[in-house]
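Q: Could you walk me through the salt bridges here, and then show me what else sits around them? I'm new to reading structures, so please take it slowly and join things up as you go.

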Amino acid sequence: MKKEYLLTPGPTPLPPQVSLAMAKPIIHHRTPQFQEILKEASRGLKWAFQTANDVFIISSSGTGAMEAAVINLLSCGDTALVVQGGKFGERWTEIAKAYGICPEIINVEWGKAVSPAEISKRLKSNPQIKAVFTTLCETSTGVDNDIQAIAAVVKESSAVLVVDAISGLGAVDLKTDAWGVDVVVAGSQKGFMLPPGLGFICLSSRAWKLVEASKSGRYYLDLRKAKKALDKNDTPFTSSITLIIALNEALKIMQQDGLENIFQRHRIMADATRAAMQALGLELFAPLAASDGVTAAKVPVGIDGEKLVKTMRDTYGVTIAGGQGELKGKVFRIAHMGFITESDIIMGLSCLEKVLTKMGYKFTLGAGIRAAEEVFLK
Ligand SMILES: *Cc1c(COP(=O)(O)O)cnc(C)c1O
């Protein structure tokens, strides 16, 4: 018998209310009943995105919303500045290139946050840059970038700021309107406690000017269509009815909690996880900009990182994430985003300790759990 625990940075576990909402018989989307749900979900999304602008729901994983941002804002031949400090920063570059957009890249050492001063410098030296693409939580390295400071420097230029908040939103603070972030992209399967399948995107009026001017070919991801539909409480194509019903349930849970409580819960779980790594003698991968959504730690010398993740999952049912790209086998990542509680963290740490012990790593058994509990008791 095995019980499963999901501690990955997407998908994340589902609250029972969300799962149950999806088990109900399907309804039709062009009905007053569904329109009411869409209206409520849209209101909830504005709350979660901390914006007064519309948040569009796209039937795609998060990357679909990233692609929507690129093609709706820019045209072939345009220049964009891309912050590349991990796998998801690289994705912005790949999407831009696919559409003939010229990416100017800021290469950030993996595990570090981007320097807002560097962004400012690059914007000043190249006035052609129409948009800056960056990431809130760079899930591959466990880094949170300082979006408030980045927004402040981008505002001094004519470029718009686009933030991939796919794993950060609903875990760490992102004050879209107050900080002046033009475009925020998110997805359903991380902080929002939903299955994969929905992408979200909101745009400022400044960004809309680019949408109107873009010459990129667009059809399914045309945000002008999405806007026209949303103005009538509709989506341009068949809505992801079941997922939107689930979204509405998840947003109700989040709103009952309140944004501040949500962020604080994530902060405490991150603090506990980081304290546990330290107590186990494990090095954090991003000690200076560690995300409150996911903790990346270096695999200790002599331990097979991929085997560690696999044993935790296959023998004990605890799924954490390994390293991506150049970090494959070198780090493991414990996510603490979405429907995750202190008890889940303890469970994950306990499993980690057992497997590390079996693999021959030396430390005081229970030290990680103790360190986490001490944080929780504070
Ligand atoms: C998960 C993730 C994505 C990719 O989203 P998909 O839903 O897999 O398309 C993009 N960016 C970040 C920061 C992510 O964490």
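A: Searching the whole structure, which is a predicted model, turns up 21 salt bridges. Let's take a few of them one by one.

Start with Lys130 and Asp78, whose side chains meet in a salt bridge at 3.2 Å, N to O. Lys130 belongs to strand S5 (residues 129-135), while Asp78 is in the loop between helix H3 (62-73) and strand S3 (79-84), so this pair ties together parts that are 52 residues apart in sequence. The partners don't sit in matching surroundings: Lys130 is partly exposed, at 32% relative accessible area, whereas Asp78 is buried, at 13%. If you wonder where that word comes from, buried means under 20%.

Next, look at Arg265 and Asp257, a salt bridge whose closest N and O atoms are 3.3 Å apart. Arg265 is partly exposed, with a relative accessible area of 26%, and Asp257 is partly exposed too, at 30%. Elsewhere, salt bridges that share partners link Lys46, Asp54, Lys227 and Asp231 into one network.

Let's zoom in on one link of that network. Lys227 and Asp231 form a salt bridge, with 3.5 Å between their closest N and O atoms. Lys227 has 29% relative accessibility and counts as partly exposed, but Asp231, at 53%, counts as exposed.

Now for helix H9 (223-230), which supplies at least two residues of the lining of the largest cavity, as does strand S2 (55-59). One residue in H9 is Leu223. What is its relative accessible area, and does that make Leu223 buried or exposed? The value is 2%, so Leu223 is buried. Try finding Thr63 from there: Leu223 and Thr63 are 160 residues apart in sequence, and their C-alpha atoms are 15 Å apart in space.

After H9, on the way to helix H10 (241-257), comes a loop that holds Asn233. Have a look at its backbone: Asn233 has a positive phi of about 55 degrees even though it isn't a glycine. As background, most residues other than glycine have a negative phi. Met193 is another case, with a positive phi near 65 degrees in a residue other than glycine. You'll find Met193 in the loop between strand S9 (183-187) and strand S10 (198-203), and at 5% relative accessibility it counts as buried.

One more backbone feature is the peptide bond from Gly10 to Pro11, which is cis, with omega near -5 degrees. Pro11 has its place in the loop between strand S1 (5-6) and helix H1 (16-23). For background again, most peptide bonds are trans.

Back to the cavities. There are 3 of 30 Å³ or more in the whole structure, and the largest holds about 220 Å³ of space. Its lining is made of 20 residues, and those nearest the centre are Ile57, Ile58, Ser59, Thr235 and Pro236. Strand S2 gives the most to this lining, with 5 residues. By class, the lining of the largest cavity splits into 13 nonpolar, 5 polar and 2 charged residues.

The second largest cavity holds about 60 Å³. Among the residues lining it are Val83, Gln84, Gly89, Lys112, Glu138 and Asn145. Here the lining has 4 nonpolar, 6 polar and 2 charged residues.

Gly89 takes us to one last stop, because it's also one of the buried residues of helix H4, along with Phe88, Trp92, Thr93, Ile95 and Ala96. Seen down the axis of H4, the buried residues fall within an arc of 165 degrees, so they line one face of the helix. On the other side of H4, you'll see Glu94, Lys97 and Ala98, which are exposed. There's a handy general rule to keep in mind here: an α-helix has 3.6 residues a turn, so residues three or four places apart point the same way.

As for its length, H4 runs over residues 87-98, which makes 12 residues, and reaches 16 Å from its first C-alpha to its last, close to the 16 Å expected at 1.5 Å a residue. Just after H4, Gly100 takes a positive phi of about 75 degrees.

Note on methods: Residues are numbered from 1 along each chain as its sequence is written. This is a predicted model: local features need pLDDT of at least 70, side-chain atom pairs count only at pLDDT 80 or more; totals for chains, interfaces and linings use all residues. Side-chain values use heavy atoms; hydrogens and water are left out. On a 1 Å grid over the protein atoms alone, a cavity is a set of points where a 1.4 Å probe fits but cannot get out, and a pocket is an open set with protein on both sides within 12 Å along at least five of seven lines; lining residues have an atom within 4 Å of a point. Grid points are joined across faces, edges and corners, and a volume is the space filled by probe spheres set on the points. Helices (H or I, at least four residues) and strands (E, at least two) are DSSP runs, numbered from the N terminus. Ala, Val, Leu, Ile, Met, Phe, Trp, Tyr, Cys and Pro count as nonpolar, Asp, Glu, Lys and Arg as charged, and the others, Gly among them, as polar. The expected span of a helix is 1.5 Å times one less than its number of residues. Buried means under 20% relative accessible area, exposed over 50%, partly exposed in between (1.4 Å probe, protein chains only). The arc is that of the directions from the helix axis to the C-beta atoms. A salt bridge is a side-chain nitrogen of Lys or Arg within 4 Å of a carboxyl oxygen of Asp or Glu.
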